[in-house]
Structure formats: C-alpha cells, structure tokens
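Work through the exercises below with the sequence and the model in view. Try each task before reading its solution.

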Amino acid sequence: MAPTAESNIQAEQLRQDGNNYFKKDRFGAAIDAYTEAITLCPTVAVYWSNRALCHLRRNEWTKVEEDCRRAIQLDHSSVKVSTNNSVPL
C-alpha cells in the first residue's frame, strides 16, 4: 500500500525531529525518529541515509552498510549515500 499524504507529512516531521536530535548528538533518538519515518514511508532514500549516518557516528558498521545499501536501491544517484558508503568498513 502506498503512503498516504498524512503519512508523508508525519514522516517528514519525524525526519526533522531526527535532524534536530542528530545536531544535538542524540543519535539513538535520531535513529528512532528516522526508523518511524521509514515505517511510514519506506521508499524515501533520505530516511535510510540519515539513519545510516547516525549508525556511522555510533560505529555500527553492519547497520551503516545495510541502510546505505537500501538507500542506494531506492536512489542510486544519491551523493549522500555514496559518501557514507565509502567509509572503510
């Protein structure tokens, strides 16, 4: 089932929340926010790449790779994902 307009709005708010948590180095809270956004709209690559960056900051390499791979599947031209995924694992 495709995301509704309401779920898109909720997911974007969660992304903003995640961004704010990230700026405060609250990576666990940011991961939770991005995960909720992914649950609502799993085909938006930026939610996956943002969560991957949080995992990167926490040295959770397997999770970084998983999220980057998913983001690349969704948007193979994403510079953000390509940069995150170039970190030596």
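**Exercise 1: a buried aspartate**

The side chain of D67 makes a polar contact with the side chain of R51, at 2.7 Å. A polar contact is a pair of N or O atoms within 3.5 Å; within protein, one must be able to donate a hydrogen and the other to accept it, and residues adjacent in sequence count only if both atoms are side-chain atoms. The model is predicted: local features need pLDDT of at least 70, side-chain atom pairs count only at pLDDT 80 or more, and totals for chains, interfaces and linings use all residues. Residues are numbered from 1 along each chain as its sequence is written, and side-chain values use heavy atoms, with hydrogens and water left out.

Task: State where D67 is found, whether D67 is buried or exposed, and which residues D67 touches.

Solution.
- Step 1. D67 is found in helix α4, residues 61–74. Helices (H or I, at least four residues) are DSSP runs, numbered from the N terminus.
- Step 2. D67 counts as buried because its relative accessibility is 4%. Buried means under 20% relative accessible area, exposed over 50%, and partly exposed in between (1.4 Å probe, protein chains only).
- Step 3. Not counting residues up to four places away in sequence, D67 touches W48, R51, A52 and H55. Contact means heavy atoms within 4.5 Å.

**Exercise 2: the length and faces of α4**

Task: Compare the expected span of α4 with the distance between its end C-alpha atoms, then find its buried residues.

Solution.
- Step 1. The expected span of a helix is 1.5 Å times one less than its number of residues.
- Step 2. For the 14 residues of α4 this should give 20 Å, and the end C-alpha atoms are 20 Å apart, which agrees.
- Step 3. The buried residues in α4 are V64, D67, C68 and A71.
- Step 4. Seen down the axis of α4, these buried residues fall within an arc of 100 degrees, so they line one face of the helix. The arc is that of the directions from the helix axis to the C-beta atoms.
- Step 5. The face turned away from the buried side of α4 carries the exposed residues T62 and Q73.

**Exercise 3: the same steps for α1**

Task: Repeat the span check for helix α1 and state what its buried residues pack against.

Solution.
- Step 1. Helix α1 has 19 residues (5–23) and should span 27 Å; its end C-alpha atoms are 27 Å apart, which agrees.
- Step 2. Buried in α1 are S7, A11, L14, R15, G18, N19 and F22.
- Step 3. They cover an arc of only 145 degrees around the axis, which puts them on the same side of α1.
- Step 4. These buried residues pack against α2 (27–40) and α3 (45–57).
- Step 5. Exposed residues A5, E6, I9 and K23 are on the face of α1 turned away from its buried side.

**Exercise 4: positive phi in two loops**

Task: Where do D25 and N59 lie?

Solution.
- Step 1. Most residues other than glycine have a negative phi.
- Step 2. D25 has a positive phi of about 60 degrees although it is not a glycine. D25 is in the loop between α1 and α2, and is exposed, with a relative accessible area of 55%.
- Step 3. N59, also not a glycine, has a positive phi of about 60 degrees. N59 lies in the loop between α3 and α4.
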